[in-house]
There are 2 protein chains.
Amino acid sequence: MLDDSRDGRGHRVVDAHTRALVEPSSDVIAASTSDPKEDLRLERARASFNSRELEVLLAGGKDNYKLRQRIASVMTTNEAFSKRGKYFDERDELYERTLRMYLALPSAVASMNEKEPIAVARIMRELIDEPGGLDLHLGMFIPTIQGQGDEEQRKYWIPKCVKLECVGTYAQTELGHGTYLRGLETTATYDEEREEFVVHSPTLTSTKWWPGGLGKTSTHAVVMARLFTKGVDHGVHPFVVQIRDNKTHEPLPGCTIGDIGNKMGYNAVDNGFLRFDHVRVQRRAMLMGHSKVERDGTYVPAPVAKVSYGTMVFIRSDIVMNAALYMKKAVTIAIRYNLVRRQSNADEVTGMECQVIDYQHSQRTLFPILAKAFAFHCTSDYMRRMYFEFQRDSREKKDFSALPELHATSSGLKAYCSWATKDAIEACRLTCGGHGYMNLAGFGTTLATYAPNVTYEGDNNVLCLQTARYLLKAHRKMLNGQPPVDALRYLDGASSRSALALGASLRDEKAILDAYAHRAWRLVTEASKVTGDLSPDEAMRVHMVQWIGAAKAHCAFVVMYNFVLAYDETRSRVSAETLNVLHRLVCLHGLCGMDDTMGEFLEDGHIDGEQAAEIRQEIFKLLSEIRPDAAALVDSFGLHDYFLNSALGAKDGDVYRRLYEEVQAAPFNRKHTPPGYTELLQPKLSRGNFGVSKL
Amino acid sequence: MLDDSRDGRGHRVVDAHTRALVEPSSDVIAASTSDPKEDLRLERARASFNSRELEVLLAGGKDNYKLRQRIASVMTTNEAFSKRGKYFDERDELYERTLRMYLALPSAVASMNEKEPIAVARIMRELIDEPGGLDLHLGMFIPTIQGQGDEEQRKYWIPKCVKLECVGTYAQTELGHGTYLRGLETTATYDEEREEFVVHSPTLTSTKWWPGGLGKTSTHAVVMARLFTKGVDHGVHPFVVQIRDNKTHEPLPGCTIGDIGNKMGYNAVDNGFLRFDHVRVQRRAMLMGHSKVERDGTYVPAPVAKVSYGTMVFIRSDIVMNAALYMKKAVTIAIRYNLVRRQSNADEVTGMECQVIDYQHSQRTLFPILAKAFAFHCTSDYMRRMYFEFQRDSREKKDFSALPELHATSSGLKAYCSWATKDAIEACRLTCGGHGYMNLAGFGTTLATYAPNVTYEGDNNVLCLQTARYLLKAHRKMLNGQPPVDALRYLDGASSRSALALGASLRDEKAILDAYAHRAWRLVTEASKVTGDLSPDEAMRVHMVQWIGAAKAHCAFVVMYNFVLAYDETRSRVSAETLNVLHRLVCLHGLCGMDDTMGEFLEDGHIDGEQAAEIRQEIFKLLSEIRPDAAALVDSFGLHDYFLNSALGAKDGDVYRRLYEEVQAAPFNRKHTPPGYTELLQPKLSRGNFGVSKL
């Protein structure tokens with residue numbers, strides 16, 4: 001059946017007869033295939049604007065742009081940061097690879113000799129793009145000691161942390177309680193006689209569960225536990241507890257510790273569990289920057305409550321920034337692949353199949369995500385500014401008045417943006433067909449690692465309730481004639497009929513914004529109406545759906561508002577061509593957001609059916625206008641191939657060669673036989689070859 | 001800092017002083033915690049109907065119900081089928097575990113001594129719930145030879161296949177082409193002189209890519225290749241080609257084969273790649289049940305084109321059945337966990353925290369999915385019936401007239417149901433908070449393995465286009481006065497104003513169905529209008545979004561129609577209580593489907609704003625009515641713990657104990673140190689312990 005002639009080196013020799021027979025058909029086929037690299041080159045050439053100009057703007061100026069370039073080149077030339085074969089890593093390999101990267105950070109940062117090493121480290125971690133066993137040490141253990149310890153405690157701990165003499169985690173979540181912090185059950189009971197706390201896990205559900213780096217990496221933990229002194233429960237407080245022996249790395253007596261096993265993603269992190277059996281720590285294990293317990297057991301509460309909310313706002317603005325980043329990542333990969341993937345009947349003139357981006361559905365999926373990435377970018381800029389203003393005012397003028405608004409809006413935006421990004425990553429993947437499902441595409445791991453953003457730092461639905469509660473309170477005040485805070489002034493006097501679609505106004509970004517304002521006003525009003533006199537606790541449970549709806553509508557407004565604002569501010573800073581492209585994106589973002597939830601605009605007649613249809617048509621027009629700039633727009637995000645780590649999304653478009661070459665390294669390809677072959681498969685298979693020679 | 005007193009066996013000894021100090025607080029906490037097993041017991045007790053009655057109905061009668069019970073008990077007592085530790089498997093372990101299960105099937109089936117062994121094997125594979133390296137051998141290689149081979153070929157191959165003397169795969173998809181079959185590039189060129197085909201991969205993109213079991217398992221493949229005879233391209237045909245040496249398992253000369261590496265899921269399957277370098281096979285390697293090539297190279301086309309469409313319909317009805325199954329799986333896990341998870345301020349009377357299912361958002365998410373699982377169950381029943389009717393008519397009466405409708409509807413339903421299920425699995429996971437992200441919850445692997453359903457067997461968007469094309473054709477005929485086929489008669493005379501919300505009609509399932517009919521009619525009409533005289537190829541590309549919208553609206557109608565029909569048929573077969581519960585589910589399914597896409601009903605005024613608000617309120621009412629039956633309803637799906645394989649969703653509700661016990665087996669927990677400890681971490685860490693003794 002098979003021609004098995006080979007030359008001396010085992011290469012196959014095809015005789016001239018066979019080659020002659022096959023060549024014609026090969027030629028026919030070769031003519032109809034395309035060159036993906038050339039496709040992408042041509043796409044870049046047709047852009048209506050200079051993508052470098054936009055890239056510099058998004059990077060925050062030329063210096064930042066160059067810094068990013070330099071950082072990427074440092075990392076891609078340092079073997080410690082290599083991502084080669086990463087998509088085939090088993091869990092222990094992934095853990096170790098990531099730990100190695102994190103440990104290589106300090107010297108890599110130092111080697112760059114930059115003025116702001118922390119900013120450099122931040123960008124490097126962004127490029128590593130994988131949370132690891134040291135993540136909570138850097139991101140929570142150190143900051144918590146800094147923020148909640150007193151001066152003496154900071155002086156004692158921080159140098160040890162920086163030198164990695166200890167590795168810490170932040171042990172808050174328990175088997176039984178997550179977002180609802182007041183339900184935590186771990187206790188820290190003060191023993192006046194010995195001047196010690198006894199840290200204890202009284203129930204199965206009080207087992208600490210989830211802390212990153214706890215499973216195997218950490219020697220210490222900030223443990224959030226209910227403080228009891230003199231029989232009184234003072235609520236949850238932070239305690240620094242050593243949990244592993246520094247010499248042997250074994251759990252210390254009274255501590256039961258382990259890893260919680262594989263998760264959908266985050267598998268470079270050893271999320272762990274931890275139980276305490278009456279573990280004694282000294283009085284000063286409690287972080288005493290705010291509240292204190294004195295030697296005799298007297299509890300001294302914090303002078304200003306909620307002082308730590310500022311940090312939460314900062315972390316949430318980080319999540320919004322990350323939302324923009326991962327939206328950019330997913331849409332860069334998807335747009336580049338959609339530009340080179342060809343799939344259709346061959347065109348009669350060119351003989352080429354059609355680029356899949358020219359299927360309307362691809363554009364309707366991908367371009368609004370592209371626009372949203374810009375919108376989120378602007379929103380995270382805004383949050384950061386708000387946060388720094390608040391910090392300045394609270395420090396310099398002891399003015400904390402912005403906190404409620406800041407807290408409410410940042411809660412909602414964290415939810416709104418992380419939901420949208422999680423959905424966008426999956427939507428982008430789906431536009432890439434089967435190949436999007438391979439690890440090498442980059443979507444699977446991106447989605448799996450991004451997904452917990454909607455749950456951690458406060459479950460998104462619960463965060464929406466916090467936003468809604470604030471909105472409803474403000475609404476009630478407005479009904480009573482009190483003026484709203486600046487940020488909510490838009491809720492006042494929202495018009496009852498949209499001006500959109502009357503003439504050219506579908507490209508009037510402010511008219512679009514007005515529609516968002518109206519929708520938010522209406523949904524806040526309705527949520528307020530159904531809530532009536534119910535207690536907030538009761539109301540948020542039984543009217544949760546409408547409360548969440550109101551919060552989302554507010555956030556949609558805030559995002560659109562910031563996009564419009566940033567666009568206005570950009571006017572004087574970029575060329576007319578770039579501004580033109582940005583304007584299309586602002587309008588597309590605004591109109592698609594309406595089209596996707598059109599029922600909310602139609603329900604009270606703010607928009608009528610005719611306008612809805614016009615909006616849809618205008619969206620299709622915008623998609624066609626944006627189409628030639630698709631390649632240049634994702635280029636402007638400036639995402640390095642090292643960060644993207646995607647065979648489908650690399651800058652040169654050489655998709656098929658990359659896929660083919662990279663799979664050769666898959667561990668399954670080390671042998672010709674599968675695992676279990678000798679025991680399971682071989683005994684069944686016929687020993688002789690057979691084809692169809694007998695037929 | 002630490003009390004390290006231990007008894008002789010290394011157990012920790014806590015002194016009486018410490019115990020006395022801590023006990024009071026433990027008691028306080030213990031009183032406020034709940035018993036999840038008891039929670040679930042109480043939930044079952046409050047059901048308004050007998051869940052066993054419904055379970056038997058869904059299983060298809062008492063005999064089937066009992067058969068399923070017996071099969072589950074055979075599998076759970078056979079070590080070969082064990083899923084213990086599966087969620088911590090690395091890829092080779094998962095591959096081998098799954099291969100072992102598949103190889104254990106024949107004797108397990110035989111041991112049951114049932115009349116219908118194929119049905120038994122089918123249920124067993126469903127319970128294994130993991131596609132493996134033999135999946136395509138059973139699911140595609142054998143069926144293709146059976147369906148497309150001639151009698152002699154079947155006689156030659158099938159016995160070998162059944163005895164596993166060879167393992168086959170189905171090599172269709174290539175690096176460059178998936179859903180668009182006509183673009184496949186692999187060639188099979190007939191050499192009249194030697195009476196052989198030369199199978200060849202002329203380009204990089206012609207590399208076969210994705211076939212399951214190809215990477216390492218298979219010895220043979222059905223290769224889909226473009227047939228050339230006498231220089232003429234006859235399009236894609238199937239060829240059986242041996243690709244590995246049966247003795248050594250090495251690729252045969254001219255074949256380059258390997259595994260394509262890790263994917264988001266499906267990692268028990270060795271999806272592979274395959275290149276041919278002028279590989280010669282005999283003439284009879286071509287499967288000749290339909291078209292043939294004679295010795296002299298004469299091509300004889302198949303007598304009836306599209307005869308194989310029937311099989312596609314069958315496979316798609318399978319996907320719809322699976323959609324129902326995986327929706328049931330996800331919602332069973334989520335509802336059970338939401339019933340035992342408690343999270344809120346403690347109730348003033350009971351001292352208990354609130355079950356998270358009593359947050360309205362959980363109900364609004366989970367109960368519509370519960371209802372949809374029933375709707376899809378009924379829809380797959382209907383498709384199967386349609387398929388068997390067609391088979392009978394085509395065999396007995398040579399009547400193929402039902403095929404176009406069957407094909408169009410099954411395409412759309414495959415897309416509609418698989419999309420909905422993929423989204424539902426993720427939505428269910430999100431209602432389970434952080435724990436839903438652990439592999440032990442069962443969502444991650446379920447989603448990852450379910451996800452490709454929206455891509456394989458035809459990308460969902462492309463399938464929607466096929467449905468739309470059929471609908472638009474029918475619509476054009478109707479405009480010309482020709483009566484539509486039975487299944488589309490509903491598009492005729494759809495009313496312009498919904499009767500819903502006038503009085504009690506919100507519980508009138510037929511009035512709800514009418515609204516679905518109207519929406520479908522409107523969207524088909526609009527898609528038809530924008531399409532105008534464009535060629536279908538052009539139109540489906542540039543008006544793709546509206547075409548897909550029309551197809552989805554049609555499918556939503558068909559699903560609702562089948563649910564209503566099945567409900568009607570059930571009237572005489574179940575008790576009034578059960579019927580009452582089913583009626584709520586039908587209405588909930590109908591109304592939520594409207595609420596989720598309300599813009600489509602509001603746009604032309606079929607529903608007005610007031611009705612929309614009433615529908616929303618009615619949904620909230622229905623949720624409260626269904627709430628007491630939640631536990632019993634998921635019980636009625638009869639999903640065995642072995643199938644669910646979820647610490648959150650097990651029947652007894654013992655969530656926290658399961659999580660804690662099962663993670664102990666995680667491979668990371670074999671040692672106290674993490675991977676890379678000695679080389680990477682130990683050199684950094686301080687050698688001495690330190691707590692806060694100096695502060």
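**Exercise 1.** How many salt bridges does the count give between domain 1 of chain A and domain 2 of chain A? Place the two domains, then describe their contact.

*Solution.* The model is predicted.

Step 1. Find the domains. Chain A is divided into domain 1 (63-130), domain 2 (139-300) and domain 3 (309-344 + 380-487 + 505-635).

Step 2. Take the spacing. The centres of domain 1 of chain A and domain 2 of chain A, over C-alpha atoms, are 30 Å apart.

Step 3. List who takes part. Domain 1 of chain A gives six residues to the contact, and domain 2 of chain A gives 10 residues.

Step 4. Give the area. About 670 Å² is buried between domain 1 of chain A and domain 2 of chain A, with 51% from carbon and sulfur atoms.

Step 5. Count the salt bridges. There is one salt bridge between domain 1 of chain A and domain 2 of chain A.

Step 6. Check a pair against the cut-off. A salt bridge needs a side-chain nitrogen of Lys or Arg within 4 Å of a carboxyl oxygen of Asp or Glu. The side chains of Arg91(A) and Asp259(A) meet at 2.8 Å, N to O, so they form a salt bridge.

Step 7. Add the polar contacts. Four residue pairs are in polar contact across the interface of domain 1 of chain A and domain 2 of chain A, both residues at pLDDT 80 or more. On the side of domain 1 of chain A that touches domain 2 of chain A, three residues are nonpolar, one is polar and two are charged.

**Exercise 2.** Describe the interface of chain A and chain B.

*Solution.*

Step 1. Start with the residues. In contact are 186 residues of chain A and 186 residues of chain B.

Step 2. Give the area. The two chains, A and B, bury about 16400 Å² between them, 61% of it on carbon and sulfur atoms.

Step 3. Count the salt bridges. Chain A and chain B share eight salt bridges. One of them joins the side chains of Glu603(A) and Arg616(B), at 2.8 Å, N to O.

Step 4. Name the main contributor. Helix α1 (residues 16-32) of chain A supplies nine residues, the largest share of the side of chain A that touches chain B.

Step 5. Sort the residues. That side of chain A holds 70 nonpolar, 62 polar and 54 charged residues.

**Exercise 3.** Lay out the sheet β4-β8-β7 of chain B.

*Solution.*

Step 1. Read the order. Three strands of chain B form an open antiparallel sheet, β4-β8-β7.

Step 2. Find the edges. β4 (208-209) and β7 (255-259) of chain B each pair on one side only.

Step 3. Match residues. Two bridges join β4(B) to β8 (residues 272-276) of chain B. Trp209(B) stands opposite Phe273(B) in β8(B).

Conventions:
Residues are numbered from 1 along each chain as its sequence is written. Chains are lettered from A and ligands numbered from 1 in the order in which they are written. Side-chain values use heavy atoms; hydrogens and water are left out. Contact means heavy atoms within 4.5 Å. Buried area is the accessible area (1.4 Å probe) that two parts lose on being put together, summed over both. Helices (H or I, at least four residues) and strands (E, at least two) are DSSP runs, numbered from the N terminus. Ala, Val, Leu, Ile, Met, Phe, Trp, Tyr, Cys and Pro count as nonpolar, Asp, Glu, Lys and Arg as charged, and the others, Gly among them, as polar. Two strands pair if DSSP finds at least two bridges between them. Domain bounds come from an automatic or database domain assignment. A polar contact is a pair of N or O atoms within 3.5 Å; within protein, one must be able to donate a hydrogen and the other to accept it, and residues adjacent in sequence count only if both atoms are side-chain atoms.
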